[in-house]
Amino acid sequence: MEALGSYPISFGSGRVPTTSDGDESKRLPNRRRSFQAAGDWLRRRSTAAKIGLAVAAAVAAMFVLKHTVTNHNYLFIASEIIHAAGLLILAYKLTTHKTCSGMSSKSQELTALFLLVRLIFGSIMEVDVYTFLDSINFIATVWVIYMIRSKLKNTYNKALDNFHLYYVVVPSMVLSLFIFPHVHYNPMVRVLWAFGVYVESFSMLPQLLMMQNAKMIEPFTAHYVFAMGISRFLAFAYWVIQCDARKVEDARLEYIIQQ
């Protein structure tokens, strides 16, 4: 009987109390099954349905960002910081594993191009924190290109990285001559601005195609692509929200002038 007194048994309810860890361990399989069921449902959808869901999720996320983030400039800063985090992932792979397998030099070259363009028109417009962040990412990107093309070129699979840069550069250049933002700067800045945005939008295409050609995804490359996806989305959301806010402001000024 003395031994029974040492156990936390409730004779009134006839139950032995369970710990919260036990309850948690029971709930975890249910959560895992829910996520697995959602993943299976998504995999069964057609490609068009997946694209539609992705677009709907992106629009919903931009709506939330527009109405929750008070200063939309933080979106662009977050985009630059996440870009830098992705480059740190590549730097860790290049310096510790001494290999650039699975990495696309073409994608890094497009990234360096749009960052250089952005530095040029950013310096013409105004040197600010954005210019500083772009400078850091540009230097890091050039270093990555050097490692791929020179120091670790024996591990670079050039045959799989077969995307032609002019597929992005030429259409972006032509499009920027006709479709550009109406900012209060000279036409050259407007064209450079548009060209940089267009190149940035497709800069990850060579990397995605290389991953498809290789039929495999290396962990560090996958983390980098994920980081760049978030970075590009935040940058895109920033430009869309800024353009919308500029249109509203221009309409307000036009209304005041008419009055």
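Start by selecting helix H3 and colouring its buried residues (under 20% relative accessible area with a 1.4 Å probe, protein chains only): Leu-75, Phe-76, Ser-79, Glu-80, His-83, Gly-86, Leu-87, Leu-90, Ala-91, Lys-93 and Leu-94. You're looking at a predicted model, where local features need pLDDT of at least 70, side-chain atom pairs count only at pLDDT 80 or more, and totals for chains, interfaces and linings use all residues. Numbering runs from 1 along each chain as its sequence is written, and side-chain values use heavy atoms, with hydrogens and water left out.

Now put a ruler on H3, residues 73-97 (helices here are DSSP runs of H or I, at least four residues). Its end C-alpha atoms sit 36 Å apart, which agrees with the 36 Å expected for 25 residues at 1.5 Å a residue; that expectation is 1.5 Å times one less than the number of residues. Step just past H3 to Lys-98, which has a positive phi of about 55°.

Next, pick Leu-75 and Phe-121. Within the largest nonpolar core, 23 residues in total, these two touch the most other members. (A core is a set of buried Ala, Val, Leu, Ile, Met, Phe, Trp, Tyr and Cys residues joined through side-chain atoms within 4.5 Å.) Helices H2 (47-68), H3, H4 (105-125), H6 (166-178), H7 (187-201) and H9 (219-258) each supply at least two residues of this core. A second, separate core has 15 residues, including Leu-94, Met-103, Ile-148 and Met-211.

Last stop: select residues 130-148. This span is 100% helix and 0% strand, with its end C-alpha atoms 27 Å apart.

How values were computed: Buried means under 20% relative accessible area, exposed over 50%, partly exposed in between (1.4 Å probe, protein chains only).
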